[in-house]
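Reader: I've just opened this one and don't quite know how to read it. Could you walk me through a few features?

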Amino acid sequence: MPDLREPLLIFTDLEGTLLESHTGDWQPAVPWLQRLKEAGAPVILCSSKTAAEMAQIQQETGLQGLPFIAENGAVIQLDAGWQDDEHFPRLIAGSPQEEIASVLTALREKEGFKFTTFSDVDEQIISDWTGLNNTHATLARQQEASETLIWRDSDARMAEFATTLASFGLHIVQGARFWHVLDQRGDKAQATIFLLNKYQQREGKRRTTLGLGDGPNDAPLLDVVDYAVVVKGLNRDGVRLKRNDPQRVYHTAQEGPAGWSEGMAHFFPAGQPAE
């Protein structure tokens, strides 16, 4: 079991995990966020959201200045103190959003795949889909290295679509509510390993890692960390892990930030924050 007294890195998904799926509330997790800050354990946000969205959420949750992983690993923001790093302020893994959008448009016109992307619609439509206000919906459209879509075709066509994307060096991942297309060189696992190695290079020691997530696109992250919390989620397919050892993985009974806190309490029972 991990210990709050050892060097730690906490990697967490947002929507449906640290944030409540419908309201975006994170208040049930506040005591643990404060406890981790006191323990010197960086909480690294890891999501399909854009860098613009992530930066705002960092400000709101008191995590500003820390690294984060955006767009399912296609964008990696470095720690604010790492200005001497060659990749500062952030690394883009693979193809830019414009190239991905161009491929998707061509495939839809040529092959007849049925889907609607965020680039196809305006902020009001995205607001209707997500429940975000128009200001936040504008931030959601600022994708740098991926494209978000709603799939409107059959499962069989999805398999064909995924195969076709692979021929262009792209892959598609399923989130809690949407699908996301990005370069094969970027995913949450690769981004997590990249940041873990950065910390190790700069500090000369390896930190113990804990990951938390609730959706299929969190599986790569949860498979590469030392310990994992699968937060009870809304996705019908759940989270399928390659490494589902009960000594390493905890499945919560609660959803969202309450489940997030439940997972933290499971792995750090002696570190429970004061009420």
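Author: Happy to. Let's begin with a term: helices and strands here are DSSP runs, at least four residues for a helix and at least two for a strand, numbered from the N terminus. Keep in mind too that this is a predicted model.

Reader: Okay, so where does asparagine 72 sit in that scheme?

Author: Asparagine 72 is placed in the loop between strand 3 and strand 4. Glutamate 71 is in that loop as well, with strand 3 covering 68-70.

Reader: What is there to notice about the backbone of asparagine 72?

Author: Asparagine 72 is not a glycine, yet its phi is positive, about 60 degrees. Glutamate 71 also has a positive phi without being a glycine, in its case near 50 degrees.

Reader: And are those two buried or exposed?

Author: The cut-off to keep in mind is that buried means under 20% relative accessible area. Asparagine 72 has 4%, so it is buried. Glutamate 71 counts as buried because its relative accessibility is 1%.

Reader: Which peptide bond is cis?

Author: The one from phenylalanine 88 to proline 89, where omega is near 5 degrees. You'll find proline 89 in the loop between strand 4 (75-77) and strand 5 (90-92).

Reader: Let's move to strands. How do I work out which way the side chains point?

Author: The general idea is that side chains in a regular strand alternate between the two faces of the sheet. Now try strand 1: Leu8, Ile10 and Thr12 are on one side, Leu9 and Phe11 are on the other, and all of them are buried, so both faces are covered.

Reader: Why is strand 1 described as largely enclosed?

Author: Because five of the five residues in strand 1 (residues 8-12) are buried, the rest of the structure largely encloses it.

Reader: Which strands does it pair with?

Author: Strand 1 runs parallel to strand 10 (residues 208-213), joined by five bridges. Threonine 12, for instance, stands opposite leucine 212. Strand 1 also runs parallel to strand 2 (residues 43-46), with three bridges between them. There, phenylalanine 11 has isoleucine 44 as its bridge partner. To get from strand 1 to strand 2, the chain passes through helix 1 (residues 30-38), making a right-handed β-α-β crossover.

Reader: How about empty space? How do I look for that?

Author: Rolling a probe the size of a water molecule over the atoms shows where empty space is left. In this model, the largest pocket has a volume of about 670 Å³. Its lining has 36 residues, and Glu15, Leu19, Lys49, Glu53 and Leu132 are the closest to its centre. Helix 2 (51-61) and helix 5 (134-140) are the elements that give two or more residues to that lining, with the largest share, four residues, coming from helix 2.

Reader: Which residues does methionine 158 touch?

Author: Setting aside residues up to four places away in sequence, methionine 158 touches Trp151, Ile172 and Trp179. Methionine 158 belongs to helix 6 (residues 155-166), and at 10% relative accessibility it counts as buried. Its C-alpha atom is separated by 9.5 Å from that of isoleucine 172, 14 residues apart along the chain.

Reader: One last stop: where is histidine 171?

Author: Histidine 171 lies in strand 8 (residues 170-174). A polar atom of its side chain is 3.3 Å from the backbone oxygen of aspartate 183. Apart from neighbours within four places in sequence, the contacts of histidine 171 include His180, Leu182 and Gly186.

Note on methods. Residues numbered from 1 in each chain as written. Predicted model: local features only at pLDDT ≥ 70, side-chain atom pairs only at ≥ 80, totals over all residues. Heavy atoms only, no water. Polar contact = N/O pair within 3.5 Å; in protein donor to acceptor, adjacent residues only side chain to side chain. Contact = heavy atoms within 4.5 Å. Buried < 20%, exposed > 50% of the residue type's maximum accessible area, 1.4 Å probe, protein only. Pairing = 2+ DSSP bridges. Right-handed = clockwise from strand over helix to strand, strands pointing away. 1 Å grid on protein atoms, 1.4 Å probe; cavity = no way out; pocket = protein on both sides within 12 Å on 5 of 7 lines; lining within 4 Å. Points joined across faces, edges and corners; volume = space filled by probe spheres on them.
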